[in-house]
Amino acid sequence: MGDLVLNKTYIEAVNDFNRLYGQKAINICPELYNITINAVYHNDSQHLSELNLNSNDAFAYYFYYEVPPKIAEIVINEEVLLRQRMENEDIQAAIAHEIGHIISIENHGDCYGGLAAEVLSDDYASKIGLRNQLISLLKKMKGCGEYCDFQLRWFEKRIGLLEKFPADDDIATIAKMALLLGEYKS
Ligand SMILES: [Zn+2]
């Protein structure tokens with residue numbers, strides 16, 4: 001198999017992700033066979049104007065699913081990456097999370113937004129094998145001092161759900177989504 005994520009950057013963690021988790025990601029989500037995923041610096045992104053990349057976002061994704069060819073971008077702001085002191089495993093976890101967004105859109109279109117979309121993408125990253133690394137990344141982001149209270153609450157919620165549901169199966173996914181839905185209602 002070729003690389004799952006075509007690395008258009010000099011960031012070694014993208015290659016490490018491919019080597020360590022590429023095959024597992026495809027086993028879990030065979031849909032990925034049909035999607036070309038490029039990792040690019042934000043300045044090289046073909047879709048920068050369509051992304052609302054905030055000044056504190058190290059990562060974003062672009063995936064327009066409605067018309068083939070299926071080409072997705074994982075967009076990386078290296079300045080933020082360095083500023084928030086993200087290390088190799090943090091970056092691998094973030095890539096898995098962004099791939100989670102892409103799979104989620106491939107499977108469900110745009111029916112999930114907001115926190116539910118984040119939790120679902122965390123879930124894919126967890127299934128790919130990067131749950132602990134993702135928890136550590138989210139804690140790092142939570143502690144970096146660049147995020148507002150609203151965002152901090154989301155980080156807390158995401159960390160809580162990852163810790164509360166260590167099983168990576170579809171039942172856990174459904175339980176997480178049900179929990180979120182219940183909280184929105186009350
Ligand atoms: Zn996300």
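This briefing covers confidence, the nonpolar core and two backbone features of one chain. The structure is a predicted model, in which local features need pLDDT of at least 70, side-chain atom pairs count only at pLDDT 80 or more, and totals for chains, interfaces and linings use all residues. Residues are numbered from 1 along each chain as its sequence is written.

**Confidence**
- The average pLDDT (the predictor's confidence in each residue, from 0 to 100) of the chain is 92, and 98% of the residues score at least 70.
- Among the elements (DSSP runs numbered from the N terminus: helices H or I of at least four residues, strands E of at least two), strand β1 (residues 5-7) has the highest mean pLDDT, 98, and helix α6 (residues 170-185) the lowest, 79.

**Nonpolar core**
- The largest nonpolar core (buried Ala, Val, Leu, Ile, Met, Phe, Trp, Tyr and Cys residues joined through C-beta atoms within 7 Å) has 44 residues, and Ile 74, Ile 95 and Ile 102 have the most contacts inside it.
- Elements giving two or more residues to this core include β2 (36-41), β3 (59-63), α3 (88-108) and α4 (114-143).
- Helix α4 supplies the largest share of this core, 10 residues.
- Not counting residues up to four places away in sequence, Ile 102 touches Ile 35, Ile 37, Tyr 61, Phe 63 and Ala 72, where contact requires C-beta atoms, placed from the backbone, within 7 Å.

**Backbone features**
- A cis peptide bond, with omega near 5°, runs from Pro 68 to Pro 69; Pro 69 is in the loop between β3 and β4.
- Arg 85, in the loop between α2 (78-83) and α3, has a positive phi of about 55° although it is not a glycine.
- Arg 85 counts as exposed because it has 9 C-beta neighbours inside 10 Å; by C-beta atoms placed from the backbone, 12 or fewer others within 10 Å make a residue exposed, 20 or more buried, and numbers in between partly exposed.

Note on methods: Two residues are in contact if their C-beta atoms, placed from the backbone, lie within 7 Å.
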